[in-house]
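Biologist: I'd like to learn how to read salt bridges in a model. Can you walk me through some?
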Amino acid sequence: MRKRFPFLDLTENERKGYLFLLILLVAIVFFPFLYRMFKSEPPEEIASYVHLIEVKEESVRAEDQAGATTWDRGDNIRPEQPLKGELFYFDPNDLPVADWRRLGFSDKQIAVIKNYEHKGGRFYTKNDVAKIYSISSAAFNRIEPYLQFSKSRAVGNRLGQSKKDPIEKIKAPVVSIDLNKADTAMLRKLRGIGSVFAGRIVKFREALGGFHDVIQLREVYGISEELFVSISPFLTLDEATELEQLRINSASVEELAKHPYITWDNARLIARYREQHGDFRGIDDLENIYALNIDFLSKIEPYLNFN
């Protein structure tokens, strides 16, 4: 009998151990079925809340993908944007912190604005406000109708007549300079432009492939808003001057990334899409690359050759 049933040769403790393991194995096998059978559904309110969270997470992921790339090097910061607040007509220059908060801006956003003012920055037009990186397009569109600017202040600053303006001593030059043709010696004739700034302007111009708009001078490192305003009336651009363009359909990742407006990530995205879908026929094809936003495309379009 014991030869046929070796289980009987086991000690009592061994038999208990085997029985425990057998029961545990059966429990593991049938647990999923029992769990689904006896599990109760969550209350309707909780289910609705969970669904809301899932939808919100999906929306955030989509926004992150859409705004992952920016043409401002080193500014991949996506600060919180004001969605609520009291709307009223205001001049953004020297606006008290309390009033920025009334408009719905967070302390972090206000800190960026005040830091810009502390460094001598001023707002002369609505476009100047839109350039503050802590103010999203949605937030700017919300406050745009309520922006007002003091004409006397704007005129005084532009002419260097404000007593508090550090550019007061800079007298307007009596020259007109083509920004794409001027060498460093010519640029130094502009009051406020020395050897360092002149060198930076030429270097940035060569990296770009030429200026297509005088406003691009603002992007030269160290050029303050006041200095730009004081010299911009004396700068010109010959429309006949051709920009140096990138051959978008043959340029390598390295060649694309050399341009000041194109990051390495953007260059890789462009090259990868080109490999998968063929040559680009126009700027519309680049819009199909989800991570490239409209601001980036509008800045880079004058420098692209699609032939």
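Biologist: Which side chains meet in a salt bridge with an N to O distance of 3.4 Å?

Modeller: Bear in mind that this is a predicted model. The general idea goes like this: side chains of opposite charge can pair when their charged atoms come close. Here, arginine 281 and aspartate 285 pair up that way, at 3.4 Å from N to O.

Biologist: Is arginine 281 buried or exposed?

Modeller: Arginine 281 is exposed, at 73% relative accessible area. Its partner, aspartate 285, counts as buried at 13%, since the cut-off for buried is under 20%.

Biologist: How far apart in sequence are the parts that aspartate 94 and arginine 122 tie together?

Modeller: First the bridge itself: the closest N and O atoms of aspartate 94 and arginine 122 are 3.3 Å apart. Aspartate 94 sits in the loop between α2 and α3, and arginine 122 in the loop between α4 and α5, so the pair ties together parts 28 residues apart in sequence. Aspartate 94 is partly exposed at 46%, while arginine 122 is buried at 15%.

Biologist: And which salt bridge partner does arginine 268 have?

Modeller: Aspartate 265, with the closest N and O atoms 2.7 Å apart. Both belong to helix α12, and being three residues apart there, they are separated by about one helical turn. Arginine 268 is partly exposed at 37%, and aspartate 265 is partly exposed at 48%.

Biologist: How many salt bridges does the count come to?

Modeller: The count comes to 11. Some link up further: Glu86, Asp99 and Arg102 form a network of salt bridges.

Methods:
Residues numbered from 1 in each chain as written. Predicted model: local features only at pLDDT ≥ 70, side-chain atom pairs only at ≥ 80, totals over all residues. Heavy atoms only, no water. Salt bridge = Lys/Arg side-chain N within 4 Å of Asp/Glu carboxyl O. Helix = DSSP H or I, 4+ residues; strand = E, 2+ residues; numbered from the N terminus. Buried < 20%, exposed > 50% of the residue type's maximum accessible area, 1.4 Å probe, protein only.
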